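This report walks through one protein model, from its sheets to its cores, its pocket and its backbone exceptions. Please keep the sequence and the structure in view while reading.

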Amino acid sequence: MSSTEPRRTALDATHRALGATMTDFAGWDMPLRYGSEREEHVAVRTRAGLFDLSHMGEITVTGPQAAELLNYALVGNIGSVKPGRARYTMICREDGGILDDLIVYRLGETEAGSSHYMVVANASNAQVVLDALTERAAGFDAEVRDDRDAYALLAVQGPESPGILGSLTDADLDGLKYYAGLPGTVAGVPALIARTGYTGEDGFELFVKPEHAVELWQALTRAGEGAGLVPCGLSCRDTLRLEAGMPLYGNELSTALTPFDAGLGRVVKFEKEGDFVGRAALTGAAERAASEPPRVLVGLVAEGRRVPRAGYPVVAGGEVIGEVTSGAPSPTLGKPIAMAYVDAAHAAPGTEGVGVDIRGSHEPYEVVALPFYKRQK
């Protein structure tokens, strides 16, 4: 296979048999939609959806100093993560720019005094994260291993997902907290069962060996038939995460922004012991954000029907005051929505006179607090 050909997940033939529209995403051939992306979106909000997320990048970190390495390499306090729990965090450059946002699972102890972590990176940044962790591991008694080919990743998302998954496993799903993971068996397949989600709904992620992916997909499909489960592609995953106000790397996050610029300074843990990559730059970024906030990430809801796209200018009083980072029609709100970085003076919900320049026409938008959608617990 030439290096220009996209990678295919273990479920590639399954997606094609289901009639999926495929697209290149971060070098992977992935399902964009199977039919109507709106119907897939609504299914996740009201029933359940089944996703193939095998393009995500899994990196295993083990060894007596695994926690110390991750505390140095990442901005979060990974040493305080208890076995079986997960944490949202970021890896930054020395200048504070975000290389990627990550989920780190502490899977337990491999042997006496040796911890076992799994770092899950975005597909587009997996190699960058792997290279950075490998470089930053110098001097630590820890091993960084590329496990991207060791896992397939399936996700069941939506209000019916606990019942669907519960019918296939005797794992304690009720006891599985948000941002936690536990080993279990699903439809006879060994899996790491996690509960993090990227849709704004309750749901589960299942890390399995690639050779078990088709078997598990089929079992979940059968189990979800009576509950209205449908296969879902990347298109509705994007509108779901947008409604939930969740950032996407390359849109709301980049090396040009620090976590404080992105309104996510809470992930930076200055109180942890020892130095970490970017500490000095991030200290300065935190001080600037407290005294003179840079642009603020806000929600925008259209008064009309025209859809804003990433890169469109946000305007007020004839001046450009910001830029759209993500935009799409919202099936839940029934209106176009967007996330945008805007000047702090125009960031308060309800700010008057804000619009988006859509091909020369200034369309009126309402500034709202994020997220656009929050599920009822």
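## A small question to start

Which residue in S3 does Thr23 stand opposite? The partner is Met30. The model is predicted, and every position discussed below should be read with that in mind.

## The sheet around S2 and S3

Thr23 and Met30 face each other within an antiparallel pairing of S2 and S3 that spans 5 bridges. These two strands belong to an open sheet of 3 strands. Its order is S1-S3-S2, and its pairing is mixed. The edges are S1 (7-8) and S2, each of which pairs on one side only.

Between S2 (21-25) and S3 (28-33) runs a loop that holds Ala26. Ala26 is not a glycine, yet its phi is positive, about 55°. Most residues other than glycine have a negative phi. Is Ala26 buried, partly exposed or exposed? Its relative accessibility is 37%, so Ala26 counts as partly exposed.

## Strands S5 and S8, and helix H3

S5 (residues 57-63) and S8 run antiparallel, joined by 7 bridges. Thr62 stands opposite His116 of S8. S8 (residues 114-121) is mostly covered, with 7 of its 8 residues buried.

Gly63 is part of S5. With a relative accessibility of 8%, Gly63 counts as buried. Leaving aside residues up to four places away in sequence, Gly63 touches Gly113, Ser114, Ser115, Asp141 and Ala142. Gly63 and Ala112 are 49 residues apart in sequence, while their C-alpha atoms are 9.8 Å apart in space.

Helix H3 covers residues 66-73. Why is H3 described as largely enclosed by the rest of the structure? The reason is that 6 of its 8 residues are buried. They are Ala66, Ala67, Leu69, Leu70, Asn71 and Ala73.

## Helix H2 and its neighbours

H2 (residues 37-46) has buried positions at Glu40, His41, Ala43, Val44 and Arg45. Charged side chains are therefore part of this buried set, given that Asp, Glu, Lys and Arg count as charged. The buried residues of H2 pack against three strands already numbered along the chain, S3, S4 and S10, and also against S14 (229-231) and helix H7 (234-243).

## Two nonpolar cores

How many residues make up the largest nonpolar core? It has 26. Leu154, Leu165, Val186, Ile193, Leu206, Leu216 and Leu220 have the most contacts inside it. Six elements give two or more residues each: strands S4 (48-52), S10 (152-157), S12 (189-194) and S13 (203-208), with helices H5 (161-166) and H6 (213-223). H6 provides the largest share, 4 residues.

Leu216 gives a closer view of this core. Not counting residues up to four places away in sequence, Leu216 touches Leu154, Val186, Ala187, Leu206 and Val208. Apart from this core lies another, of 25 residues. Its members include Ala285, Leu297, Ala328 and Val368.

## The largest pocket

The largest pocket holds about 1,300 Å³ of space. Its lining has 49 residues. Which of them lie nearest the centre? They are Tyr178, Tyr179, Gly197, Tyr198 and Met246. By type, the lining divides into 26 nonpolar, 11 polar and 12 charged residues.

S6 (86-92), S7 (98-111), S10 and S13 each give two or more residues to the lining of the largest pocket. S7 contributes the largest share, 4 residues. S10 and S13 also appear among the elements of the largest nonpolar core.

## Backbone exceptions

Tyr179, one of the residues nearest the pocket centre, is found in the loop between H5 and S11 (181-186). Its phi is positive, about 60°, although Tyr179 is not a glycine. Is Tyr179 buried or exposed? It counts as buried, because its relative accessibility is 16% and the cut-off for buried is under 20%.

Which two residues does a cis peptide bond join? They are Leu370 and Pro371, with omega about 0°. Most peptide bonds are trans. Pro371 lies in the segment after S20 (361-368).

Note on methods: Residues numbered from 1 in each chain as written. Predicted model: local features only at pLDDT ≥ 70, side-chain atom pairs only at ≥ 80, totals over all residues. Heavy atoms only, no water. Core = buried A, V, L, I, M, F, W, Y, C linked by side-chain atoms within 4.5 Å. Buried < 20%, exposed > 50% of the residue type's maximum accessible area, 1.4 Å probe, protein only. Contact = heavy atoms within 4.5 Å. 1 Å grid on protein atoms, 1.4 Å probe; cavity = no way out; pocket = protein on both sides within 12 Å on 5 of 7 lines; lining within 4 Å. Points joined across faces, edges and corners; volume = space filled by probe spheres on them. Pairing = 2+ DSSP bridges.
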